[in-house]
Amino acid sequence: MTNSIVDEVEVYTDGACSGNPGPGGWGVVLQWRGQKKEIYGGELNTTNNRMELMAAIMALESLKRPVVAKVYTDSAYVKNGITTWIKAWKYQDWKTASRKPVKNVDLWQRLDQATSLHKVDWCWVKGHAGHPGNERADTLARLGINFAPK
């Protein structure tokens, strides 16, 4: 990460799946300097956890330069994975404590890379509890399901 971080960005992410596995979508709301950007997408055959990860990945990869990012997610899997579990996984060559391969390792590695470019504060919010940013990200994730490649 460079020392030229000047922008602060609020990021809201969410993933959704119709069936688990099944068609899935991810949604992101980025807010900075009074501006807002929304992005979403989907995949045909995926899981809810993969879509939660994709939302965080796409949010961070969409940023054009290093920033201070406050990322809000309703996924304890994403928050705990990136803030706590990933250290052990990397040390153990991407294996769990029981020496099994980490699920979704491709996305965890991608999120780890995307996170390294920014100063990220990971915040958990309760899903479907009326938090406007989280509710909008959820709506976008559900839209993403409809745009999953067929």
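**View A. Phenylalanine 147 in the segment after α4.** Phenylalanine 147 is found in the segment that follows α4 of this predicted model. With a relative accessible area of 54%, Phe147 is exposed, because the cut-off for that label is over 50%. Look for its partners here too: Phe147 forms a nonpolar patch on the surface together with Tyr40 and Leu143. The accessible area of Tyr40, Leu143 and Phe147 together is about 290 Å².

**View B. Arginine 142 and aspartate 138 within helix α4.** Here we stay with α4, the helix of residues 132-146. A salt bridge joins arginine 142 to aspartate 138, and their closest N and O atoms are 3.3 Å apart. Both residues lie in this helix, four residues apart, which is about one turn. The two ends of the bridge carry their own labels: Arg142 is partly exposed at 42% relative accessibility, whereas Asp138 is buried at 8%.

**View C. Aspartate 7 and arginine 33, a link between distant parts of the chain.** Aspartate 7 and arginine 33 form a salt bridge, with 2.5 Å between the closest N and O atoms. Asp7 sits in strand β1 (residues 7-17), while Arg33 belongs to the loop between β2 (22-32) and β3 (35-46), so to speak 26 residues along the chain from its partner. Asp7 is buried, its relative accessible area being 4%, but Arg33 is exposed at 64% relative accessibility. The view also takes in Arg65, since a network of salt bridges links Asp7, Arg33 and Arg65.

**View D. Lysine 90 and aspartate 112 between helices α2 and α3.** This close-up shows a salt bridge from lysine 90 to aspartate 112, where the closest N and O atoms are 3.0 Å apart. The pair links distant parts of the chain: Lys90 lies in helix α2 (residues 76-91) and Asp112 in helix α3 (residues 105-116), 22 residues apart. Both side chains count as partly exposed, with relative accessibility of 42% for Lys90 and 21% for Asp112. For Asp112 the label follows because buried means under 20%. If you would like to look for others, the count for the structure comes to eight salt bridges.

**View E. Tryptophan 89 and tryptophan 108, an edge-to-face pair.** The whole structure holds six aromatic pairs, and one of them is shown here. The ring centres of tryptophan 89 and tryptophan 108 are 5.1 Å apart and the planes meet at 65°, so the pair counts as edge-to-face. Trp89 lies in helix α2 and Trp108 in helix α3, so the pair ties together parts that are 19 residues apart in sequence. Both tryptophans are buried: the relative accessible area is 10% for Trp89 and 0% for Trp108. Widen the view a little and Tyr77 and Trp85 join in, forming one aromatic cluster with Trp89 and Trp108.

**View F. Cysteine 17 and cysteine 123, two buried residues.** Our last stop has two cysteines. Cysteine 17 is buried at 19% relative accessibility, and cysteine 123 is buried at 14%. Cys17 takes that label because the cut-off for buried is under 20%. There is no sulfur-sulfur bond to search for, as the structure holds zero disulfides.

Methods:
Residues are numbered from 1 along each chain as its sequence is written. This is a predicted model: local features need pLDDT of at least 70, side-chain atom pairs count only at pLDDT 80 or more; totals for chains, interfaces and linings use all residues. Side-chain values use heavy atoms; hydrogens and water are left out. A salt bridge is a side-chain nitrogen of Lys or Arg within 4 Å of a carboxyl oxygen of Asp or Glu. Helices (H or I, at least four residues) and strands (E, at least two) are DSSP runs, numbered from the N terminus. Buried means under 20% relative accessible area, exposed over 50%, partly exposed in between (1.4 Å probe, protein chains only). A disulfide is a pair of cysteine sulfur atoms within 2.5 Å. Patches are made of residues with over 30% relative accessible area and no salt bridge: like charges are joined within 9 Å, nonpolar side chains (Val, Leu, Ile, Met, Phe, Trp, Tyr) within 5 Å. Accessible areas come from the Shrake-Rupley method with a 1.4 Å probe; for residues, only the protein chains shown count as cover. Rings of Phe, Tyr and Trp (its six-membered ring) pair if their centres lie within 6.5 Å; planes under 30 degrees apart count as stacked, over 60 as edge-to-face and the rest as tilted.
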